[in-house]
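User: Please take a close look at one part of this model and describe how it is put together. One connected answer is enough.

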Amino acid sequence: MPLLLVDLDNTLVDRAASIARWAKAYVTERTGVADPALVSEIIRADGDGLRPKPEVAADLGRLLGLSEAEEGEVITVLRAGVLEYLRPDPAVAPALGRAREAGYVPFVVTNGNVAQQENKLRMMGLVEHVTGMVVSEAVGVRKPDPTIFEVAARAAGASLDGAWMIGDSAEADIGGAANAGLRSVWLSRGRTLAADEARPTAIAASFPEAVTAVLSHRS
């Protein structure tokens, strides 16, 4: 059975909405006012979770006037906040179920911190809906390096023949899929691809729509 490799953040779980909720709550807690401009700056500093964490911590320290000790702990605070404000998407599990019924093996391939990513999958009730997960921190390689997809295939006891990748990052997910010779679906999230970015096989507005695109190409 072919693999359906899926990203985690902003693919199976809505990290963007969670960080926005956390930023608003955190600013309110520290200043007493949820200044929209400051909240937006914090979200921008986070960089969709893709920026190096030392850079994020330095920017948050500057924006919030954090002490050296607070800046040293702010990434821990941010990660805890993301978990606290994460909300399940009831459409995701049924979409994974449709993929399974069609003969695909859903398997998560994600960059990030092992404990954080495992907690997200567990808290959103998705562990039983995927075959497994490979996290970059654990295997020492990150998307878009094609090696991480090979590691995932071995962990799933499968090959990359006929595999697809679904994800929201043009560089990590779609570029990584291209590097590995995989077909892919890009979750656009209201964005457009830059001219120099890898082209996905299909573009979708949501994870269920992405699964539909994969299944339609198989028929």
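Analyst: Helices here are DSSP runs of H or I with at least four residues, strands are runs of E with at least two, and both are numbered from the N terminus. The model is a predicted one.

The part to look at is the sheet. Six strands make up this open sheet, and their order across it is E3-E2-E1-E4-E5-E6, with parallel pairing. Strand E3 (133-135) and strand E6 (202-204) are the edge strands, each pairing on one side only. On average, neighbouring strands of the sheet are turned by 20° against each other, with direction ignored. In general, the strands of a sheet pair through backbone hydrogen bonds, in either a parallel or an antiparallel way.

Strand E1 (3-6) is a useful place to start. E1 is joined to E2 by four bridges, the two strands running parallel, and leucine 3 stands opposite valine 105 of E2. E1 also runs parallel to E4, to which three bridges join it; here leucine 4 has tryptophan 164 of E4 as its bridge partner. The side chains of E1 point two ways: Leu3 and Leu5 go one way, Leu4 and Val6 go the other, and all four are buried.

Moving on from E4 (residues 164-167), four bridges connect this strand to E5 (residues 183-187), again in parallel. Within that pairing, methionine 165 has serine 184 of E5 as its bridge partner.

Helix H8 (residues 147-156) lies across the sheet strands E1, E2 (105-110), E3 and E4. Relative to E2, H8 runs at about 140°.

Two further features involve helices. The first is an aromatic pair, the one pair that a search of the whole structure finds. The ring centres of tryptophan 22 and tyrosine 26 are 4.9 Å apart and the ring planes stand at 20°, so this pair is stacked. Both residues belong to helix H1 (residues 15-31), where they are four residues apart, about one turn of the helix. Tryptophan 22 and tyrosine 26 are both buried.

The second is the packing of helix H5 (residues 92-101) with helix H10 (residues 207-218), whose axes lie 9 Å apart at an angle of about 10°. H5 is therefore roughly parallel to H10. H5 contributes Val92, Ala95, Leu96, Arg98 and Ala99 to the contact, and H10 contributes Phe207, Pro208, Val211, Thr212 and Leu215. By type, eight of these contact residues are nonpolar, one is polar and one is charged.

Terms used
Residues are numbered from 1 along each chain as its sequence is written. This is a predicted model: local features need pLDDT of at least 70, side-chain atom pairs count only at pLDDT 80 or more; totals for chains, interfaces and linings use all residues. Side-chain values use heavy atoms; hydrogens and water are left out. Two strands pair if DSSP finds at least two bridges between them. Axes are lines fitted to C-alpha atoms, for helices over the stretch in contact, and angles run from 0 to 180 degrees between N-to-C directions. Contact means heavy atoms within 4.5 Å. Rings of Phe, Tyr and Trp (its six-membered ring) pair if their centres lie within 6.5 Å; planes under 30 degrees apart count as stacked, over 60 as edge-to-face and the rest as tilted. Buried means under 20% relative accessible area, exposed over 50%, partly exposed in between (1.4 Å probe, protein chains only). Angles under 35 degrees count as roughly parallel, over 145 as roughly antiparallel, 65 to 115 as roughly perpendicular and the rest as oblique. Ala, Val, Leu, Ile, Met, Phe, Trp, Tyr, Cys and Pro count as nonpolar, Asp, Glu, Lys and Arg as charged, and the others, Gly among them, as polar.
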